[in-house]
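Reader: I am in my first year and would like a close look at a single part of this structure. Please take one helix and follow what surrounds it.

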Amino acid sequence: MAAKIDILLAPAGSGKTDFLLSEYRAAHLSAAKQQQLTSILWLTPTRRSQQFIIDSLLDDTLPVCFAPNVFTFEQFAEEILR
């Protein structure tokens with residue numbers, strides 16, 4: 001199965017993060033409605049940006065998420081090696 005890769009390019013402050021948060025929420029909700037385990041992953045370079053993404057992820061459309069799968073590159077590498 002070939003992977004699909006989309007690249008989102010836009011200037012700073014243009015709403016990329018808000019767009020990606022919306023897409024991420026929708027993917028989690030879709031998986032939950034179908035009662036499927038999710039393979040959704042968000043990689044981010046720093047713990048600070050990781051915490052920002054996790055804090056921003058929950059809203060009225062996604063009030064709870066037990067496994068957001070938001071990792072720093074380092075955490076993801078450690079998880080793979082385990």
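Author: Two words need fixing before the helix can be described: a residue is buried when its relative accessible area is under 20%, and exposed when that area is over 50%. Anything in between is called partly exposed. The model is a predicted one.

The part chosen is helix 2, which runs over residues 47–57. Which of its residues are buried? They are Gln 50, Ile 53 and Leu 57. Viewed down the helix axis, these buried residues fall within an arc of 65°, so they line one face of helix 2. On the face turned away from that buried side sit the exposed residues Arg 48 and Asp 55.

What do the buried residues of helix 2 pack against? Their partners are helix 1 (16–33), strand 1 (42–44), strand 2 (70–72) and helix 3 (73–81).

Take helix 3 to begin with. Gln 75 lies in this helix, and its relative accessibility of 17% counts as buried. The side chains of Gln 75 and Gln 50 are joined by a polar contact of 2.8 Å. If residues up to four places away in sequence are left out, Gln 75 touches Arg 47, Gln 50 and Val 70.

The other two buried residues of the helix, Ile 53 and Leu 57, belong to the largest nonpolar core. That core has 9 residues, and Leu 21, Tyr 24, Ile 40, Trp 42, Leu 62, Cys 65 and Val 70 are in it as well. Helix 1 and helix 2 each supply at least two residues of this core.

Trp 42 is a useful member of the core to follow. Trp 42 is buried, with a relative accessible area of 13%. Setting aside neighbours within four places in sequence, its contacts include Ile 53 of the helix under discussion, and also Leu 21, Tyr 24, Asn 69 and Val 70. Asn 69 is placed in the loop between helix 2 and strand 2. The phi of Asn 69 is positive, about 55°, although this residue is not a glycine. With a relative accessible area of 22%, Asn 69 is partly exposed.

Next come the aromatic rings. A pair of such rings is described by the distance of the centres and the angle of the planes. The count comes to 2 aromatic pairs. In one of them, Tyr 24 and Trp 42 are edge-to-face, 5.2 Å centre to centre and with 80° between the planes. Tyr 24 is in helix 1 and Trp 42 in strand 1, so this pair ties together parts that are 18 residues apart in sequence. Tyr 24, at 5% relative accessibility, counts as buried. Phe 71 and Phe 76 also form an aromatic pair, a tilted one with 6.3 Å between centres and 50° between planes.

Finally, there are the charged side chains. Side chains of opposite charge can pair when their charged atoms come close. The structure holds 3 salt bridges. One of them joins Arg 25 and Asp 59, whose closest N and O atoms are 3.3 Å apart. This pair links distant parts of the chain, 34 residues apart: Arg 25 is in helix 1, and Asp 59 is in the loop between helix 2 and strand 2. Arg 25 counts as buried at 12% relative accessibility, whereas Asp 59 is partly exposed at 29%.

Methods: Residues are numbered from 1 along each chain as its sequence is written. This is a predicted model: local features need pLDDT of at least 70, side-chain atom pairs count only at pLDDT 80 or more; totals for chains, interfaces and linings use all residues. Side-chain values use heavy atoms; hydrogens and water are left out. Buried means under 20% relative accessible area, exposed over 50%, partly exposed in between (1.4 Å probe, protein chains only). Helices (H or I, at least four residues) and strands (E, at least two) are DSSP runs, numbered from the N terminus. The arc is that of the directions from the helix axis to the C-beta atoms. Contact means heavy atoms within 4.5 Å. A polar contact is a pair of N or O atoms within 3.5 Å; within protein, one must be able to donate a hydrogen and the other to accept it, and residues adjacent in sequence count only if both atoms are side-chain atoms. A nonpolar core is a set of buried Ala, Val, Leu, Ile, Met, Phe, Trp, Tyr and Cys residues joined through side-chain atoms within 4.5 Å. Rings of Phe, Tyr and Trp (its six-membered ring) pair if their centres lie within 6.5 Å; planes under 30 degrees apart count as stacked, over 60 as edge-to-face and the rest as tilted. A salt bridge is a side-chain nitrogen of Lys or Arg within 4 Å of a carboxyl oxygen of Asp or Glu.
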